[in-house]
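Trainee: Hi! Could you walk me through this structure?
Mentor: Sure, let's open it up together.

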Amino acid sequence: MKIDGVAYRSVWVDRADGWAVHIIDQTKLPWALDILRLTDVAQAAHAIRAMQARGAPLIGALAAYGMCLALRRDASTEAMERGAALLAGTRPTAVNLRWALERMLTRLRNTRPDERVAAAYAEAAAIAEEDVARNEAIGRHGLPLIEAAATRKAGGRVNVLTHCNAGWLATVDWGTALAPIYTAHNAGLDLHVWVDETRPRNQGAALTAWELGKHGVPHTVVADNAGGHLMQHGEVDLAIVGADRVTRAGDVANKIGTYLKALAALDNGVPFWAAVPSSTIDWTLSDGLAEIPIEERSGAEVTDVTGRMADGRIATVRVAPLDSPAANPAFDVTPARLVTGLITERGRCDASVAGLRGLFPEHR
Ligand code: MRU
């Protein structure tokens, strides 16, 4: 997608040297567009752990490039397995990380060490390109939902609510939840997005609002707690969220607070859709609540808030009493029964074993 008219992706290989990996430092947005140049696997692992690059599909793609950087230094089998283990330990919830690393290792374990670097870059590039294609397809399959809402409103403005950032910054390009929104906007539909701020790290206020604004999509940032009220008053036509891991039964793990939005949506008859590329489906799990690991992050993300002061300086301030401890579960699981359906690259389906099997019969 574009930033001030210039096309960007969230991760790319240096065009001049052909090997260093670039990302946008998402911890600096929306205040600064800082591009980081990563040259070894430790830097790639740090970028994922520190959330300089975040969002399930992007984590997977960057981990794949992290393997390339590891192999450039040392293409031995031991170094390859060490690099994969380092990257795998960075964040626990998004299954795209494991998916991408398993795919890289399957390719590389069967490749001679002297051919591994070239093979790794080719495989990582394929993972990145496929991500873009999947998300673009999610946009196409999600578009009819927004068109149907527009028809119900006789052409009136469609209001879509989203949580966290599942836009192009969270993927290689397009985004998942935002792909149908960009597709509809590009097609000329009149739509507006309610952007949940997404405490504690404010991915909605900082990232979703920024990328929607850069693309010219009308939007409004709301406090996380506002969604239920907006739904009660008919201000939300549909909700679309992303996912970090979806079980084969359709349970959806996504940023903390997603579950509460799904509950409010059910109570108010608002369709609640999850946009899910197949790289986010964990076919080994069936009970999301019991089986999906939930990342527990630092309590400082809850007690402190970072923002831009009037004089332009970036500052972090404490909003909780100095001696109050804080808990910070970073994701929650929305049971499939609360999800209207899934939007995948192969089409839409029920959030259920049968629904997913219908679209992905190879996982029967
Ligand atoms: O902690 P984050 O910012 O990595 O969490 C991101 C989300 O929860 C997204 O909604 C999810 O990864 C889908 S991204 C297309």
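Mentor: What follows is a chat about salt bridges, cores, empty spaces and a couple of single residues.

Trainee: What should I know before we start?
Mentor: This is a predicted model, where local features need pLDDT of at least 70, side-chain atom pairs count only at pLDDT 80 or more, and totals for chains, interfaces and linings use all residues. Residues are numbered from 1 along each chain as its sequence is written, and side-chain values use heavy atoms, with hydrogens and water left out.

Trainee: Okay, salt bridges. How many are there?
Mentor: The count comes to 26 salt bridges. The rule asks for a side-chain nitrogen of Lys or Arg within 4 Å of a carboxyl oxygen of Asp or Glu.

Trainee: Which residue does R73 pair with?
Mentor: R73 forms a salt bridge with D40, at 3.8 Å from N to O. R73 sits in helix α2 (residues 56–73) and D40 in the loop between β5 (35–38) and α1 (41–49), so this pair links distant parts of the chain, 33 residues apart. Helices here are DSSP runs of H or I with at least four residues, strands are runs of E with at least two, and both are numbered from the N terminus.

Trainee: And are R73 and D40 buried or exposed?
Mentor: R73 is exposed, with a relative accessible area of 59%, whereas D40 is buried at 17%. Buried means under 20% relative accessible area, exposed means over 50%, and partly exposed is in between, using a 1.4 Å probe and protein chains only.

Trainee: Got another pair for me?
Mentor: Try R103 and E130, whose closest N and O atoms are 2.7 Å apart in a salt bridge. R103 is in helix α4 (residues 95–109) and E130 in helix α5 (residues 113–152), so the bridge ties together parts 27 residues apart in sequence. E130 is partly exposed, at 32%.

Trainee: What about strands, which salt bridge ties two of them together?
Mentor: D304 and R318 form a salt bridge, with 4.0 Å between their closest N and O atoms. D304 belongs to strand β14 (residues 304–308) and R318 to strand β15 (residues 314–318), so parts 14 residues apart in sequence are tied together. D304 counts as partly exposed at 25%, and R318 counts as partly exposed at 33%. There is also a network, in which salt bridges that share partners join R91, R201, E295, R297 and E301.

Trainee: New topic: which residues touch the most others in the largest nonpolar core?
Mentor: V11, L62, M104 and I181 touch the most other members of that core, which has 80 residues. A nonpolar core is a set of buried Ala, Val, Leu, Ile, Met, Phe, Trp, Tyr and Cys residues joined through side-chain atoms within 4.5 Å. A second, separate core has 29 residues, including A274, I281, A336 and A351.

Trainee: What does V11 touch?
Mentor: Leaving out residues up to four places away in sequence, the contacts of V11 include V21, H22, I23, L58 and L62. Contact means heavy atoms within 4.5 Å.

Trainee: Now the empty spaces. How big is the largest pocket?
Mentor: Its volume is about 540 Å³. Of the 23 residues lining the largest pocket, T27, W31, P200, R201 and T306 are the closest to its centre. Helix α7 gives the most to this lining, with four residues. On a 1 Å grid over the protein atoms alone, a pocket is an open set of points with protein on both sides within 12 Å along at least five of seven lines, a cavity is a set where a 1.4 Å probe fits but cannot get out, and lining residues have an atom within 4 Å of a point. Grid points are joined across faces, edges and corners, and a volume is the space filled by probe spheres set on the points.

Trainee: And how many cavities are there of 30 Å³ or more?
Mentor: The search of the whole structure finds three. The largest cavity has a volume of about 180 Å³, and among its 22 lining residues G55, A56, N165, D244 and N254 are the closest to its centre.

Trainee: Last one: where is V333, and is it buried or exposed?
Mentor: V333 is in strand β16 (residues 331–334) and is buried at 9%. The C-alpha atoms of V333 and G257 are 9.2 Å apart, with their positions 76 residues apart along the chain.
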